[in-house]
Amino acid sequence: MEQLLVPMLCRVEKVISETPDVNTFRLRIKDENQLQQFNWRPGQFVEFSLLGYGECTFCIASSPTRKGTFDCSIKKAGSVTADIHSLIEEGMDVGIRGPFGNWFPYDEMKGKNLLFIGGGIGLAPLRSLIQYCIDNRGDYKDITILYGARSSADLVYKEELKEWQANPSIKLVLTIDRPEDNWNDNVGVVPKILEEVVKPSIENTKVITCGPPIMIKYTLLSLDKLGFEPKNVITTLEMKMQCGLGKCGRCNIGHTYVCKDGPVFTYEQLKALPDEF
Amino acid sequence: MSYQIYQTDKAGLAQFYENIIGKNETYAPVLNFEKYEYKKVSKLADCNPESPIVLTMSMKPLFFPKNSAILKYKESSEGTEIIPDAEDDLAKKRVVLGVKHCDARALQVLDKVYQWDYHDEDYRKRRENTLIISTRCEKAGAHCFCTSLDYDVENSDAYDVMVVKAADGNYYLQAHTDKGDAFLKENTGKLAANDGIEKIKEQYTAFAASFALKMNYEEVSKRLNEQFDSSEFENATSNCISCNTCSFICPTCHCFKISDEKIKDKGIRYKAYDSCNSPYFTLMAGGHNPRPVKYRRWRQRAMHKFVYYKERFDVNLCVGCGKCAISCPVNIHIFDVVNQVANKA
């Protein structure tokens, strides 16, 4: 197995500062063969290593329709991510293993209305699918994105949010938790804005959501209230992972390996897991 | 089982073992500070294939080392260079003598997790290149309960060859796999008389009658699943000091972690045993931990052994060897934990 644990080297092409504690790292696989074979699907993740400091799990935050490079958006949260933020500069090499895990059922979603609900850094895995849907716009019906953060400074992908706002084929709803000067958009937590502003129809609609656990908890309650069936609500699960190969045991919940059977689950599937969260 | 049975006496068996040790890289139970471990041996006098007690360490380290290098790397102004750390002796043939049934069974259980989806090639090669010669236990140890679980101890194919010391003082050698059959044909002489099979059966009956610990496996497994929210998990494990010894010593615990060490421009990344009993096992960046308290980690350990792995791979993860209880500094036995929880009304 040791061979499967050896990462591919990637050159850091760009470091984009998204928020005070989130950076996006744009990576290019150095070896041409490895680059050609690196085919991911929206929702999959990689093991990202800063050699000498450790390896962490991050979703791929960009769409496979935009090949050549891929993005990982990383929030400073623990020891390795702090090292990643302070040490990685453009032009450096980092290690990548993957892609791992399952993906959003984008084929099943064809011909459906899509409602994306993201909170904070939780927009990262959704962005991969949103970009994919924009690049295959004809395959999907109405696309609505509800995205919220604690403050306007905590919104990630600010440039891209402007593009989405200007895109007539997408409806973007932004919100922040507390009022701010010069903020003319919604104010309020995501579930509240979902119920009071977005007021989605359940008709032919799939919901894809990702965010901090507290947001997910109340968003699921709101979706339930609005009448969405658990099988039409899709989320990606946060669980400590290490090998990505279904071996190291860290991501076990019941007989499920989140790294192999997930990280993408419907709310219906999540309800069937032992209640450990 | 249609494999032939061979018969020998004490001296003949010693000769059989000496020949194996002389011709192969051989591992066998070696007594080390009152504890038996499978160690590499160069002569029969160094080891005891009939070790009277359960081995303190299983065969796990021979297939899944305590720690192993994944890669070395070097940084320069050009960038980073990765040097994978390939083990070169995986193709070497090995024989393990005096293997306890539980230790052999544990490998069959581990095969499942190592051979689904991504295959662990190093593990597979080590498995393929190892011949296992088991000595059937004469009697059960105080912590043993292998006969209470979900498999047939008597007719197991977890080992290639079984050596049985019968009541008549003779030794009977029987192959349990094709690989073992071919090996015996090449390495033994005298076929047993017709009653060989009876002698082996008699020995098993006496062995099976010697178990102090017994449980109804299906019932315990089912009850555990129903008792997920039971406070009995907490009661049964309150003495645990979370030292992780049970996991490291367990023949089927296979969780590992990946760590880095760096000195100046050079470094090493390696894989090492880890344990779900550790408070850090599922601790995530940002401080969230789905198993922040000890009983929840113990619940995961017990349920993984007796419920989840069985659901996933159709074999029980615990093999009933009792090693965890023997080495536990506060005398917790997983047998007692699962039974206490299962029997709670």
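**Exercise 1. Locate B:Glu34 in this predicted model and decide whether B:Glu34 is buried or exposed.**

Solution. B:Glu34 sits in the loop of chain B that connects strand S2 (25–32) with strand S3 (35–41). The backbone there has a positive phi of about 65 degrees, although B:Glu34 is not a glycine. To settle the exposure, one counts the neighbours: 7 other C-beta atoms lie within 10 Å of B:Glu34, and since a residue with 12 or fewer is classed as exposed, B:Glu34 is exposed.

**Exercise 2. Apply the reasoning to A:Asn182: in which loop does A:Asn182 lie, and is A:Asn182 buried or exposed?**

Solution. The loop in question runs between S9 and S10 of chain A. A:Asn182, which is not a glycine, has a positive phi of about 65 degrees. With 5 other C-beta atoms within 10 Å, A:Asn182 is exposed.

**Exercise 3. Work out the strand order of the seven-stranded open sheet in chain A, and explain which strands stand at the edges.**

Solution. The order in chain A is S10-S9-S8-S7-S11-S12-S15, with mixed pairing. Strand S10 (186–187) and strand S15 (264–266) of chain A each have a single partner strand, so they stand at the edges and one side of each is left without a neighbour in the sheet. Within the sheet, strand S8 (residues 143–149) and strand S9 (residues 170–176) of chain A run parallel and are joined by seven bridges; A:Leu146, for its part, stands opposite A:Val173 in S9(A). Finally, helix H5 (residues 190–198) of chain A lies across strand S7 (113–119), S8, S9 and S10 of chain A, and runs at about 140 degrees to S8(A).

**Exercise 4. Identify the cis peptide bonds that precede A:Pro99 and A:Pro263, and place each proline.**

Solution. The bond from A:Gly98 to A:Pro99 is cis, with omega near 0 degrees, and A:Pro99 belongs to strand S6 (residues 93–100) of chain A. The bond from A:Gly262 to A:Pro263 is also cis, with omega near 10 degrees, but A:Pro263 is found in the loop between helix H7 (258–261) and S15 of chain A.

**Exercise 5. Describe the contact between the chains, and state which element gives the most to the side of chain B that touches chain A.**

Solution. The contact draws 40 residues from chain B and 32 residues from chain A. Several elements of chain B each supply at least two residues to its side, including strand S4 (67–76), helix H4 (121–128) and helix H10 (294–313). S10(B) gives the most, with five residues. By character, the residues on this side of chain B comprise 20 nonpolar, eight polar and twelve charged.

Methods:
Residues are numbered from 1 along each chain as its sequence is written. Chains are lettered from A and ligands numbered from 1 in the order in which they are written. This is a predicted model: local features need pLDDT of at least 70, side-chain atom pairs count only at pLDDT 80 or more; totals for chains, interfaces and linings use all residues. Two strands pair if DSSP finds at least two bridges between them. Helices (H or I, at least four residues) and strands (E, at least two) are DSSP runs, numbered from the N terminus. Two residues are in contact if their C-beta atoms, placed from the backbone, lie within 7 Å. Axes are lines fitted to C-alpha atoms, for helices over the stretch in contact, and angles run from 0 to 180 degrees between N-to-C directions. Ala, Val, Leu, Ile, Met, Phe, Trp, Tyr, Cys and Pro count as nonpolar, Asp, Glu, Lys and Arg as charged, and the others, Gly among them, as polar. A residue is buried if 20 or more other C-beta atoms lie within 10 Å of its own, exposed if 12 or fewer, and partly exposed in between; C-beta atoms are placed from the backbone.
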